[in-house]
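Reader: Hi! Could you walk me through this model?
Author: Happy to, have a look at it here.
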Amino acid sequence: MGADRTYAYGAAAGVLGDLLLGDPRRGHPVAVFGRAATAVEGALWHDHRGWGAVHTAVCAGGAVALGALAVRAVRPSRTASVALTAAATWAVVGGTSLAREARTIGHALAVGDVEAARARLPHLCGRDPQALDADGMARAVVESVAENTSDAVVGALVWGAVAGVPGLLGFRAVNTLDAMVGHKSPRHRRYGWASARLDDVAGWPGARLTAVLATVAGPDPRGALRAWKADARKHPSPNAGPVEAAFAGALGVRLGGTLSYGGRVEHRPVLNGGTGRPVRVTDIDRAVRLSRRVGLLALGTTLAARALLKGRGK
């Protein structure tokens with residue numbers, strides 16, 4: 001069994017495990033990494049970019065090194081190699097939990113329980129729920145589903161196809177560090193700079209593939225392509241822009257506008273503002289279904305690309 005086939009079987013099994021099981025309620029490997037990264041920050045923190053870069057190198061480099069050592073340890077056994085790839089893929093892919101959280105909020109909004117939706121929103125994104133009405137929360141959920149389809153599913157599969165288990169773990173480490181220290185709070189404005197920039201680089205290919213697949217798999221390919229071309233560059237994030245614009249066009253809705261994070265208000269450009277309508281609660285389920293299709297297409301696309309490149313390299 002070749003290395004590309006071993007990875008393909010393991011990645012497919014890991015995605016299936018995510019579809020069937022989702023994330024564990026306790027002891028998730030990403031949460032364990034988060035605790036370790038917090039401990040490293042406690043030891044290294046200085047209000048300086050250089051110390052932040054050391055933090056990023058230690059945490060992300062440690063994840064990659066751990067993956068490489070694990071691959072080396074199981075290499076003599078094909079079964080163990082498949083199992084390791086499956087476990088790593090399941091640990092870093094979060095499509096089922098993303099869909100579950102989005103639908104939980106959507107159900108609360110559908111039955112008029114706005115307070116329950118507000119209580120649940122922080123499990124999905126960093127918006128200030130008290131600053132949002134029902135329509136605002138619905139829009140926040142659709143935007144989070146779009147962005148996290150790239151971050152929690154497609155980006156991981158891209159780097160897994162490129163670098164196997166070390167790529168899977170490294171990407172998830174970088175993305176988690178960005179969520180932890182990459183935001184522009186007073187504490188992390190300098191210290192988190194390296195994590196934020198590295199996440200931009202690591203997320204670039206997955207975001208573009210997500211936008212392509214959302215365009216292909218969505219109900220309005222022309223609308224998705226039009227919104228992507230017209231509005232992606234308006235977004236302050238180089239990776240969220242293409243993804244959210246493509247989702248907005250595919251679903252026929254408007255995304256963006258005024259947001260509130262941690263008491264800080266941002267006025268972002270509207271995506272698909274020319275033809276899109278305001279987000280409705282029913283659009284949450286439509287976004288989740290599109291996210292599912294994109295994730296499955298990403299698995300097939302990345303496995304095919306890996307096999308093709310490995311074949312040419314022989």
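Reader: What radius of gyration does the protein chain have, and what would a compact globule have?
Author: The protein chain has 19 Å, which agrees with the value near 20 Å for a compact globule of 314 residues. The radius is taken over C-alpha atoms, and the globule rule is 2.2 Å times the number of residues to the power 0.38. This is a predicted model: local features need pLDDT of at least 70, side-chain atom pairs count only at pLDDT 80 or more, and totals for chains, interfaces and linings use all residues. Residues are numbered from 1 along each chain as its sequence is written, and side-chain values use heavy atoms, with hydrogens and water left out.
Reader: Thanks! How many helices and strands are there?
Author: The protein chain has 11 helices and 2 strands. These are DSSP runs numbered from the N terminus: helices are H or I with at least four residues, strands E with at least two.
Reader: Which residues of helix α9 are buried?
Author: In α9 (residues 221-231), they are G223, A224, A227 and D231. Buried means under 20% relative accessible area, exposed over 50%, and partly exposed in between (1.4 Å probe, protein chains only).
Reader: Why do they line one face of the helix?
Author: Seen down the axis of α9, the buried residues fall within an arc of 100 degrees, so they line one face. That arc is for the directions from the helix axis to the C-beta atoms.
Reader: And what's exposed on the other side of α9?
Author: R222 and K229 are exposed there.
Reader: What do the buried residues of α9 pack against?
Author: They pack against α8 (193-217) and α10 (240-251), where contact means heavy atoms within 4.5 Å.
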